[in-house]
Amino acid sequence: MGLSVPIENNWQQFHAPANMAKSVSIEAGELLECFQWSDEPRDGDWEHVYEELADVMIYCIQMADVLGVDLDEIIRSKMAKNAKKYPVEASRGSRVKAE
């Protein structure tokens with residue numbers, strides 16, 4: 001995808017799956033913090049929201065790379081499972097969680 005960290009930084013040594021998962025969670029927390037106490041970003045700062053969203057996505061993509069998985073494949077697989085779990089006729093317009 002072209003988003004890997006440049007080799008010269010030598011950061012790949014820190015990209016163990018556990019470290020990547022922690023980083024995804026940390027960055028997701030920072031994204032959530034943009035909306036703390038409001039449905040709109042603090043000070044209307046959408047640019048900060050976009051930067052935090054990008055950080056989350058970058059770590060997710062890097063984690064997929066570390067794990068050697070195809071993002072398209074795992075996303076399609078998960079969407080297929082969700083379609084079975086939440087069929088349109090039973091879940092359209094409802095936020096009730098399936099059991």
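In the predicted model, Ile 75 lies in helix α3 and, with a relative accessibility of 45%, is classed as partly exposed. This value falls between the limits of 20% and 50% that separate buried from exposed residues, so the intermediate class applies to Ile 75. The side chain belongs to a nonpolar patch on the surface, in which Ile 75 is grouped with Val 66, Leu 67, Val 69, Ile 74 and Met 79, and the members together present about 500 Å² of accessible area. Two elements, α2 (46-67) and α3 (71-85), each give two or more residues to this patch, and the largest share, amounting to 3 residues, is supplied by α3.

The chain as a whole contains 4 helices and 0 strands, and its elements follow one another along the sequence in the pattern α-α-α-α. Of its 99 residues, 17% count as buried. The area exposed by the chain is about 8,200 Å², of which carbon and sulfur atoms supply 56%. Among contacts with a sequence separation of 6 or more, 47% are made by residues that stand 24 or more positions apart. An example of spatial approach across the sequence, given here as a C-alpha distance, is offered by Ala 18 and Met 63, which are 45 residues apart in sequence and 9.1 Å apart in space. Ala 18 is located in helix α1 and, at 45% relative accessibility, is partly exposed.

Aromatic pairing was examined next, and the count for the model comes to 2 aromatic pairs. In one of them, formed by Phe 35 and Trp 46, the ring centres are 6.0 Å apart and the planes stand at 65°, so the arrangement is edge-to-face; the assignment follows because the angle is over the limit of 60 degrees set for that class, while the distance is within the 6.5 Å required for pairing. This pair links distant parts of the chain, with Phe 35 placed in the loop between α1 (17-33) and α2 and Trp 46 placed in helix α2, 11 residues apart. Ring pairs further join Phe 35, Trp 46 and Tyr 50 into a cluster. Both partners of the edge-to-face pair retain some accessibility, since Phe 35 is partly exposed at 24% and Trp 46 is partly exposed with a relative accessible area of 35%.

The surroundings of Phe 35 extend beyond the aromatic ring of Trp 46. When residues up to four places away in sequence are not counted, Phe 35 touches Glu 40, Pro 41, Trp 46 and Val 49. For the last of these residues, the C-alpha atom is separated from that of Phe 35 by 8.7 Å, the two positions being 14 residues apart along the chain. Glu 40, which is itself found in the loop between α1 and α2, is partly exposed with a relative accessible area of 46%. With its neighbours within four places in sequence left aside, Glu 40 is in contact with Cys 34, Phe 35 and Trp 46, and Glu 40 thus shares a contact with both members of the edge-to-face pair.

The cysteines Cys 34 and Cys 60 differ in their accessibility class. Cys 34, one of the residues in contact with Glu 40, is buried, because its relative accessible area of 5% lies under the 20% limit. Cys 60, by contrast, is partly exposed at 31% relative accessibility. The count of disulfides in the model comes to 0.

Two residues of the loop between α1 and α2 were also noted for their backbone geometry. Most residues other than glycine have a negative phi. Trp 37, which is placed in this loop, has a positive phi of about 70° although it is not a glycine. Asp 43, likewise placed in the loop between α1 and α2, has a phi near 60°, again a positive value in a residue other than glycine. With regard to solvent accessibility, Trp 37 is exposed, with a relative accessible area of 80%, and Asp 43 is exposed as well, with a relative accessible area of 76%; both assignments hold because the values are over the 50% limit.

Methods. Residues numbered from 1 in each chain as written. Heavy atoms only, no water. Patch = residues over 30% accessible without salt bridge, like charges linked within 9 Å, V, L, I, M, F, W, Y side chains within 5 Å. Areas by Shrake-Rupley, 256 points an atom, 1.4 Å probe, with all protein chains shown as cover. Salt bridge = Lys/Arg side-chain N within 4 Å of Asp/Glu carboxyl O. Buried < 20%, exposed > 50% of the residue type's maximum accessible area, 1.4 Å probe, protein only. Disulfide = S-S within 2.5 Å. Phe/Tyr/Trp six-rings, centres within 6.5 Å; stacked < 30°, edge-to-face > 60°. Contact = heavy atoms within 4.5 Å.
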